[in-house]
Structures are given as C-alpha cells and as structure tokens.
Amino acid sequence: MLRRFTLTLLSAGAIAFCGGAFAQDTTLRVGMSGGYFPFTFVEQDTLKGFEVDVMNAVGEEMGAEVTFVTANFSGLFGMLESGRIDTIANQITMTEEREAKYAFTSPYVYDGAQVVVKEGRDEIGGVEDLRGKRVAVNLGSNYEQLLRELPYADDIDIRTYESNIEQDTALGRVDAFIMDRVSASQVIQEKPLPLQLAGQPFSEIHNALPFRDTEQGRALRDEVDAALEALREDGTLTDISERWFGNDITRP
Amino acid sequence: MSVLDFDYMLGLAPILLGYLPLTLAMAAAGMVLALALACGLAVIRVLKLPGLNGITLLFISFFRGTPLLVQLFLFYYGLPQVLAFLTQIDGITATIMGLTLHFSAYMAESIRAAIVGVDRSQTEAALSIGMTNGQLMRRIVLPQATRVAVPTLMNYFIDMIKATSLAFTLGVTELMGATQKEAAGSFLYFEAFITVAVIYWAIVELLAWCQRRLERRLNEAYRR
C-alpha cells in the first residue's frame with residue numbers, strides 16, 4: 001500500500017516535471033471565459049466566437065491540437081500562472097503591468113475603450129461626462145485602470161462586476177459601462193438590450209495572447225506568434241474578423 | 001424584452017440538464033467524504049483525544065472561518081505555485097476537496113452536538129449492564145444521535161449542491177457555468193437564470209421529500 005502510494009507520488013512528480021513540455025508539443029491549451037460575446041460564447045452547448053475561430057486557425061497553422069478551457073474570467077490568469085492552460089484568448093489587453101509579467105504575442109486585435117449607456121441617456125456623450133456617475137467595469141479588466149488614470153477619476157463611482165455589466169446598465173443600476181468598442185457595438189446590434197454608444201472610443205487598445213514568461217512559455221509564444229503572422233499575411237485573420245464584425249479589427 | 005421567452009427556456013432546459021449529473025456527482029462525492037471526515041472529527045472532539053483535539057479545533061476554526069471560494073482559490077491557484085505537482089489536480093477534484101474540507105468542519109460540529117445530546121443516563125444505563133464502549137456507541141448512542149443529526153446533515157447536503165456553482169471559477173463547466181455561458185450567447189439573462197434556478201429548486205425539493213421519508217422511518221420508534 002505504502003509502495004503504491006510512493007509510486008503514485010513519484011509518477012505524479014514526474015508528470016509534473018516533464019508534463020508541461022510534452023503536452024505543449026502536441027496540444028495548445030487555451031483558456032477563455034465563454035462569456036464575452038461575440039469573442040467567446042456558447043450557443044446550444046457549442047463554444048463559438050471570434051477567439052475560437054482564431055485559435056483553431058492558429059492550431060491548424062502550427063499543426064497543434066487546440067483544447068479550450070472555459071472558466072470565470074477572474075480564474076483565467078490563475079490557471080495560466082499555475083500551468084493549467086498555455087494562454088488566454090479573451091481579448092486580453094496589453095498593459096504595462098501585464099507585459100512586465102507575461103510574454104505577449106504581437107497584437108491581433110486593435111480596438112478602443114467605449115462608454116456605453118442606456119438608450120435615451122443622451123446627456124452622457126462620452127468619457128468626459130462620467131463625472132459623478134456610476135460606471136461599471138469587469139473585474140480584472142483594464143478598463144478600471146483606464147478610468148482611474150483620468151484627471152477626474154475621484155469623481156467617478158467605479159463599480160467592478162464579475163459579469164452582466166450590460167444587463168445592469170440596461171436596468172439603470174449604473175449609468176454606464178466601459179467595454180471595447182467592437183464588442184459594445186456588437187452587443188447593441190445583436191442583443192435585445194436598450195443600450196447606446198456614448199461618443200467616440202477614448203483610448204487605443206491592443207489585444208494579444210499572454211504566455212507564461214518562462215523559457216517554455218516564450219518558445220511557445222514565438223511559435224504562436226509565427227502562426228498569427230502567417231494567418232495575417234494569407235488573409236485568414238481578416239476573413240475571420242469580417243465574418244464576425246463586418247470589418248477588419250485585426251489591423252491598426 | 002418585458003415578456004419571457006418561453007421557447008428559449010424550453011430549449012435551454014435540456015442543455016442545462018446535461019450538466020446536472022456533474023453537479024450532483026461533485027456534491028455526492030463531497031458529501032460522502034465530508035461525512036466520513038466529520039464523523040472522525042466529531043469523535044475526536046467528543047472523546048477530547050489528546051493532541052488530536054487541538055488540531056481538530058484548528059481545522060474546524062479555519063475551514064468554518066474562511067469562505068469556500070477563498071479555500072477553492074487556495075487549493076487550485078495558490079498551492080500549485082508552491083508545490084508544482086499539485087497542478088495535476090483538476091478543477092473537479094479541487095472542488096470536491098474544497099467541499100469536503102469546508103463542509104466537514106460544519107458537519108463535525110452538528111454530529112458532535114447530536115452525540116452529546118444523547119441523555120447521559122442512557123450511557124450510564126448501558127455501562128451498568130456491562131456494555132463495552134464500542135457496544136455503547138454502536139447500540140445506544142449512535143442510533144439516537146443519527147436521528148437527531150439527519151435533518152441538519154441534509155441541510156448541509158442541500159447547501160453543498162448549491163455550493164458546486166462556484167466550480168466554474170476553477171474552470172469546471174457545471175450547471176451554473178453552463179448557464180452563464182449560454183446567457184452570454186443569447187443575452188437572455190433573466191430566462192437563463194430562471195431556468196437554472198428552477199432546476200436547482202426542483203432537485204432540492206426532491207431531496208427534501210427523501211428527507212421527510214427518511215425522518216419518518218427514523219422516528220418510527222418514537223411515534224405515539
């Protein structure tokens with residue numbers, strides 16, 4: 001019994017030791033929330049979205065199998081840190097802090113931060129009108145950071161949400177929410193929520209895939225980066241973007 | 001959007017029900033393991049076993065004193081940074097571990113209370129006719145304590161079923177995780193969450209019915 005236990009422990013250790021490298025040669029484990037329309041979402045039990053299509057194309061280009069792992073957004077970076085996934089495809093915005101900690105590919109989506117309000121709230125015409133307002137952002141997203149960098153940040157009542165910020169804005173519980181322009185337009189166009197864009201995007205956003213900043217992570221990042229570059233050149237990225245958004249968000 | 005989209009709900013229900021077995025399996029596994037652990041802890045507490053008693057007190061204090069979500073994050077994301085081989089633990093195992101440790105702390109106290117609640121005169125009577133400690137426990141104290149403990153233990157089981165909804169934070173797509181993702185695709189949040197609420201409610205009602213039957217059987221000897 002004790003011997004069996006020791007054996008199990010030893011093999012578990014061995015798997016942990018070389019498992020990472022082995023798994024990465026054959027499969028690319030991609031984490032996403034499954035809750036960010038139209039990038040990653042589920043319909044009739046099937047995972048879909050721009051990110052899913054892009055990562056499948058990357059896998060094909062690399063000759064690797066792609067497995068998707070869905071978890072609450074707040075759990076995704078923990079999964080990356082603890083080696084349970086290789087990267088996150090969830091419109092991860094490159095920020096100084098993140099770039100210091102993770103190895104990013106080159107950006108594959110160029111976007112802007114957008115203020116969204118309930119339909120008819122015309123008095124809010126952009127980020128400059130958010131003084132004294134309640135504004136929702138997703139927990140762990142970089143939009144909170146963007147708001148805090150505004151000179152009048154202290155006058156904004158920032159609320160962080162785990163999910164459902166669109167719903168709470170439509171309900172009038174908050175005055176506005178911040179999201180990337182692309183998915184905000186998509187939400188307004190496709191979903192039955194009374195929302196409208198308020199003004200122009202107020203900050204440029206570059207989205208890319210983060211990898212662990214280790215030798216292994218960086219090697220994998222280079223491989224994925226090369227695949228992304230090839231997909232950009234042969235027009236696949238543009239095709240995928242046109243299919244989901246009707247325009248090309250993969251170029252600056 | 002003021003009217004509920006019933007067609008959507010009817011279409012969603014079978015999809016969500018596909019995730020019910022996983023939810024129930026995690027709760028059932030957690031319950032069996034927690035019950036076993038809680039019995040051990042309760043006995044240690046009742047007999048005040050030297051050494052173990054202190055550890056048990058600390059265990060109960062920690063697992064009852066911190067939120068389940070914090071414990072799940074600790075097991076799943078925190079510990080693997082210190083002990084690399086723990087990365088091999090998947091989300092389902094981590095959830096079951098979390099449920100087991102968390103709920104055993106609560107259940108240990110309710111089992112202890114049930115044991116202590118058996119009148120002292122019963123113990124004295126059993127010992128006076130020459131029963132051993134084992135016989136005393138098996139034949140006199142535990143059957144009576146079980147009757148007292150069942151309602152509260154069922155309470156914890158019901159709570160545990162609902163607590164599995166935290167597992168999506170660890171990447172386990174169970175009932176709640178599936179609902180969140182479907183709602184993100186349709187933006188019919190109200191419909192999606194009503195549907196999942198009804199499913200949880202129905203399961204818990206079914207269990208409550210089983211509990212009433214079980215209690216009736218356990219109470220047979222006391223019926224006048």
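This is a short dialogue on how to read a predicted model, starting with chain A and ending with its contact with chain B.

Student: How many helices and strands does chain A have?

Tutor: Keep in mind that the model is predicted. Chain A holds nine helices and 13 strands. Its radius of gyration is 20 Å, close to the 18 Å that the globule rule gives for 252 residues, so chain A is as compact as a globular protein of that length. The C-alpha trace of chain A spans about 70 × 45 × 40 Å along its principal axes.

Student: What share of the residues in chain A is buried?

Tutor: Of the 252 residues in chain A, 41% are buried. You can also look at which contacts bring distant parts of the sequence together. Among contacts in chain A with a separation of 6 or more, 72% come from residues 24 or more positions apart.

Student: Which domains does the assignment give for chain A?

Tutor: The domain assignment gives domain 1 as 2-108 + 208-245, and domain 2 as 112-205. Where they meet, twelve residues of domain 1 of chain A contact 13 residues of domain 2 of chain A. The domain 1 side of that contact has six nonpolar and six polar residues, with no charged ones.

Student: Now the sheets, please. How do strands of a sheet pair?

Tutor: Strands pair through backbone hydrogen bonds, and the pairing is either parallel or antiparallel. Chain A offers a nice case: an open sheet of three strands in the order E4-E1-E5, with parallel pairing.

Student: Which are the edge strands of that sheet?

Tutor: They are strand E4 (65-70) and strand E5 (87-88) of chain A, each of which pairs on one side only. Strand E1 (residues 27-32) of chain A runs parallel to E4(A), and six bridges join the two. To find the pairing on screen, try Met32(A), whose bridge partner in E4(A) is Thr70(A).

Student: What packs on the sheet?

Tutor: Helix H3 (residues 73-81) of chain A does, touching E1, E4 and E5 of chain A. The direction of H3 makes about 150 degrees with that of E1(A).

Student: Let's finish with the two chains. How many residues does each give to the contact?

Tutor: Chain B gives 21 residues and chain A gives 31. On the side of chain B, helix H4 (68-82) and helix H8 (175-186) each supply at least two residues. H8(B) gives the most to that side, with five residues.

Student: And how do the residues on the side of chain B divide by class?

Tutor: Eleven are nonpolar, eight are polar and two are charged.

Terms used:
Residues are numbered from 1 along each chain as its sequence is written. Chains are lettered from A and ligands numbered from 1 in the order in which they are written. This is a predicted model: local features need pLDDT of at least 70, side-chain atom pairs count only at pLDDT 80 or more; totals for chains, interfaces and linings use all residues. Two residues are in contact if their C-beta atoms, placed from the backbone, lie within 7 Å. Helices (H or I, at least four residues) and strands (E, at least two) are DSSP runs, numbered from the N terminus. Ala, Val, Leu, Ile, Met, Phe, Trp, Tyr, Cys and Pro count as nonpolar, Asp, Glu, Lys and Arg as charged, and the others, Gly among them, as polar. Two strands pair if DSSP finds at least two bridges between them. Axes are lines fitted to C-alpha atoms, for helices over the stretch in contact, and angles run from 0 to 180 degrees between N-to-C directions. Domain bounds come from an automatic or database domain assignment. The radius of gyration is taken over C-alpha atoms; the globule rule is 2.2 Å times the number of residues to the power 0.38. A residue is buried if 20 or more other C-beta atoms lie within 10 Å of its own, exposed if 12 or fewer, and partly exposed in between; C-beta atoms are placed from the backbone.
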